[in-house]
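Got your viewer open? Keep a selection box handy, and we'll go from stop to stop.

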Amino acid sequence: GISNIIEDSWHTLVMARNFARGHGLVFSPDQHVLVTSSPLHAILLGIGGALVGPEHIPWLAVGGNILLDTASYWVLYRWVSAVSGAPGLGTLCALLFALDQRVIEYSSGGKDTALYTFLILASFLAFQERRAVWLGLIAGLAPISRPEGVILGSLLLGFTARRERTLPWRAACMAALVLLPWIAFALWYYGSVIPQGMATLWRIAGPPNPGIIFHTAYLHAGQI
């Protein structure tokens, strides 16, 4: 229930509520500041809140995470089974993922992690099955889901180019079609594509080195 909502999730949920009420994708209606680190999650919840009522957004966050985790179980099973040739191993991996305490905690707490984890797993499957359009879609959505999603998108396109020994034009065009409108909107509406919390941290401690960025991406992927 909403009593389990994690404190960090409320920034996103408040932005989703304001979006659903027509105040814009903002934390405070009079300030155009990108507070959440997961705009995609806030947009999806805001659309849902506009349909069923803004007061139901916390429930939508938890319910949506359940659906995303269920989809992740299936994708993980399918990917591991295809790579290993052992459906039993795929079942085991999906089961371990489903029983992971951190997955349950974050999903029941309304965090955006279920969305980003699903995108990571779906990218593995799309890469394995050589689905260029889906790969590009994920590469474009990942940075809107989490800032470190830029790494995921770059790796997807880079490894595809290496495997195919040619530029993945279809995937790259799809990624650009999804990502560039968001970048243009964020620059116009917020003046930046960097979430406020991250920008503040960078001003205090300086930009992180690539090792820290990759470690952050690894931690999010580590739920699997």
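**Stop 1: a residue on the outside**

Start by selecting R130: its relative accessibility is 51%, so it counts as exposed. Exposed means over 50% relative accessible area, buried means under 20%, and partly exposed is in between, using a 1.4 Å probe and protein chains only. What you're looking at is a predicted model, where local features need pLDDT of at least 70 and side-chain atom pairs count only at pLDDT 80 or more, while totals for chains, interfaces and linings use all residues. Residues are numbered from 1 along each chain as its sequence is written, and side-chain values use heavy atoms, leaving out hydrogens and water.

Look at the backbone of R130 too: phi is positive here, about 55 degrees, although R130 is not a glycine. Most residues other than glycine have a negative phi. Zoom out a little and you'll see R130 in the loop between α6 (113-128) and α7.

**Stop 2: the whole chain**

Now show everything as a cartoon. How many helices and strands are there in the protein chain? You'll find eleven helices and zero strands. Both are DSSP runs numbered from the N terminus: helices are H or I with at least four residues, strands are E with at least two. Of the 224 residues in the chain, 41% are buried.

Contact means heavy atoms within 4.5 Å. Among contacts in the chain with a separation of 6 or more, 70% join residues 24 or more positions apart.

**Stop 3: α6 and what comes before it**

Select 113-128 for α6, which has 16 residues. From first C-alpha to last, α6 reaches 23 Å, close to the 22 Å expected at 1.5 Å a residue; the expected span is 1.5 Å times one less than the number of residues. α6 is mostly covered, with twelve of its 16 residues buried. Colour some of them, including Y116, L119, I120 and L125.

Step back to K111, in the loop between α5 (101-108) and α6. Is K111 buried or exposed? Its relative accessible area is 14%, so K111 is buried. To see what it touches, skip residues up to four places away in sequence and select I6, D8, S9, H41, N65 and Y106.

**Stop 4: α7 against α8**

Next, select 132-145 (α7) and 149-164 (α8). Two packed helices are described by the angle between their axes and the distance between the axes. Here the angle is about 155 degrees and the axes are 6 Å apart. The axes are lines fitted to C-alpha atoms over the stretch in contact, and angles run from 0 to 180 degrees between N-to-C directions.

That's why α7 and α8 are roughly antiparallel to each other. The cut-offs are over 145 degrees for roughly antiparallel, under 35 for roughly parallel, 65 to 115 for roughly perpendicular, and oblique for the rest.

Which residues of α7 make the contact? They are L135, I138, A139, A142 and P143, facing α8 residues that include V150, L156 and T160. In this contact, nine residues are nonpolar, three polar and none charged. Nonpolar covers Ala, Val, Leu, Ile, Met, Phe, Trp, Tyr, Cys and Pro; charged covers Asp, Glu, Lys and Arg; the others, Gly among them, are polar.

**Stop 5: α7 against α9**

Keep α7 and add 169-189, which is α9. The axes of α7 and α9 cross at roughly 30 degrees and come within 7 Å. So α7 is roughly parallel to α9. Residues in this contact include V133, L137 and I144 of α7 and M174, V178 and W182 of α9. By class, there are 13 nonpolar, two polar and one charged.

On the way, click R165 in the loop between α8 and α9. Its phi is positive, near 60 degrees, and R165 is not a glycine. R165 counts as exposed because its relative accessibility is 79%.

**Last stop: Y190**

Finish at Y190, in the loop between α9 and α10 (196-205). With a relative accessible area of 12%, Y190 is buried. Select V33 as well: it sits 157 residues away along the chain, yet the two C-alpha atoms are separated by 5.5 Å. Leaving aside neighbours within four places in sequence, Y190 is in contact with M15, L25, V26, H32, V33, L34, W182 and F185.
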